[in-house]
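Biologist: Could you walk me through this one before I get back to the bench? I'd like the overall picture and then a few details.

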Amino acid sequence: MKTFLLGFIVAFVVLPLGALGYFRLGLAPVESDAKPATWESKLMNSAVHASVRRGASGMQAPTPGNLEDSVVEGGKLYFEGCGGCHGKPGKLEEDLSNYPRVPQLWQVGTQYSEPELYWIVKHGIRMSAMSAYGPFYSDKQMWALVSFLKRMDHLPPAVLERIQAKSPSATSKD
């Protein structure tokens, strides 16, 4: 009985007070250029994945009318808004060490489903560099971006050329 009581006190009093003290005394490193502890990375990755899974549950990706056009539209959005942080094909990873670690999607791809990616693009991830794009992109644009993200590692060269082609209005008038 004494062992049980001691275990109870340690588990429900000492450990939470120790954790609270750790954070309240400023002992937790919070600088973004410091590598997080392994336990912290695992805990946060687990929390993010669980939250995204829950937020996207029941969501279905719409079937685009023309998948290639949707991928091209999404690719253009990616190059304009996402590639600076998440990388572009053929470009070495930029030194973003002053920011939270950002997945270089051209190199590592994504493990998220299309509805999960949509949820992330729309809502962002708090306390990270991933902003919420729901206020800026339409649902159609966000789903197009998701179509691109899921296929970016195996794009036919012609599709990549269409994505990277400059629009006539973007060329300079010399």
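Modeller: Let me begin with a loop residue, keeping in mind that this is a predicted model: Met127 is found in the loop between H5 and H6.

Biologist: Is Met127 buried or exposed there?

Modeller: Met127 has a relative accessible area of 80%, so it counts as exposed.

Biologist: And what is its phi like?

Modeller: The phi of Met127 is near 65°, which is a positive value in a residue other than glycine. For background, most residues other than glycine have a negative phi.

Biologist: OK, stepping back, how many helices and strands does the protein chain have?

Modeller: There are seven helices and zero strands in the protein chain, and along the sequence the pattern reads α-α-α-α-α-α-α. Of the 174 residues in the chain, 25% are buried. If you take the contacts with a separation of 6 or more, 66% of them are between residues 24 or more positions apart.

Biologist: Back to the helices on either side of that loop. At what angle do H5 and H6 cross?

Modeller: The axes of H5, residues 114-123, and H6, residues 139-151, cross at roughly 125° and come within 9 Å. The two helices are therefore oblique to each other, and H5 passes H6 in a right-handed crossing.

Biologist: Which residues meet there?

Modeller: From H5 the contact involves Glu114, Pro115, Leu117, Tyr118, Val121 and Lys122, and these meet Asp139, Met142, Trp143, Leu145, Val146, Leu149, Lys150 and Arg151 in H6. Sorted by class, the contact of H5 with H6 has nine nonpolar and five charged residues, with no polar ones.

Biologist: How does H2 pack on H5, as an angle?

Modeller: H2, which covers residues 38-56, packs against H5 at an angle of about 105°, with the axes 9 Å apart. Because angles from 65 to 115 degrees count as roughly perpendicular, that makes H2 roughly perpendicular to H5. On the H2 side the contact is made by Ser51, Val52, Arg53, Gly55 and Ala56, and on the H5 side by Pro115, Glu116, Trp119 and Ile120. By class, the contact of H2 with H5 divides into five nonpolar, two polar and two charged residues.

Biologist: Which residues in the largest nonpolar core touch the most other members?

Modeller: That core has 28 residues, and Tyr78, Leu145, Phe148 and Leu149 are the ones that touch the most other members. At least two residues of this core come from each of H2, H3 (67-86), H4 (105-108), H5, H6 and H7 (157-164). As a general point, nonpolar side chains tend to be buried together in soluble globular proteins.

Biologist: Leu145 keeps coming up. What does it touch?

Modeller: Leu145 is found in H6, and at 1% relative accessibility it counts as buried. Not counting residues up to four places away in sequence, Leu145 touches Gly74, Leu77, Tyr78, Cys82, Val121 and Tyr137. Leu145 and Tyr78 are 67 residues apart along the chain, with their C-alpha atoms separated by 6.6 Å.

Biologist: Last one, then: what about Ser147, buried or exposed?

Modeller: Ser147 also deserves a look, since its relative accessible area of 5% makes it buried. Ser147 lies in helix H6, and leaving out residues up to four places away in sequence, Ser147 touches Leu67, Ser70 and Val71.

Key:
Residues are numbered from 1 along each chain as its sequence is written. This is a predicted model: local features need pLDDT of at least 70, side-chain atom pairs count only at pLDDT 80 or more; totals for chains, interfaces and linings use all residues. Side-chain values use heavy atoms; hydrogens and water are left out. Axes are lines fitted to C-alpha atoms, for helices over the stretch in contact, and angles run from 0 to 180 degrees between N-to-C directions. Helices (H or I, at least four residues) and strands (E, at least two) are DSSP runs, numbered from the N terminus. Angles under 35 degrees count as roughly parallel, over 145 as roughly antiparallel, 65 to 115 as roughly perpendicular and the rest as oblique. A crossing is left-handed if the near helix is turned anticlockwise from the far one by less than a right angle, and right-handed if clockwise. Contact means heavy atoms within 4.5 Å. Ala, Val, Leu, Ile, Met, Phe, Trp, Tyr, Cys and Pro count as nonpolar, Asp, Glu, Lys and Arg as charged, and the others, Gly among them, as polar. Buried means under 20% relative accessible area, exposed over 50%, partly exposed in between (1.4 Å probe, protein chains only). A nonpolar core is a set of buried Ala, Val, Leu, Ile, Met, Phe, Trp, Tyr and Cys residues joined through side-chain atoms within 4.5 Å.
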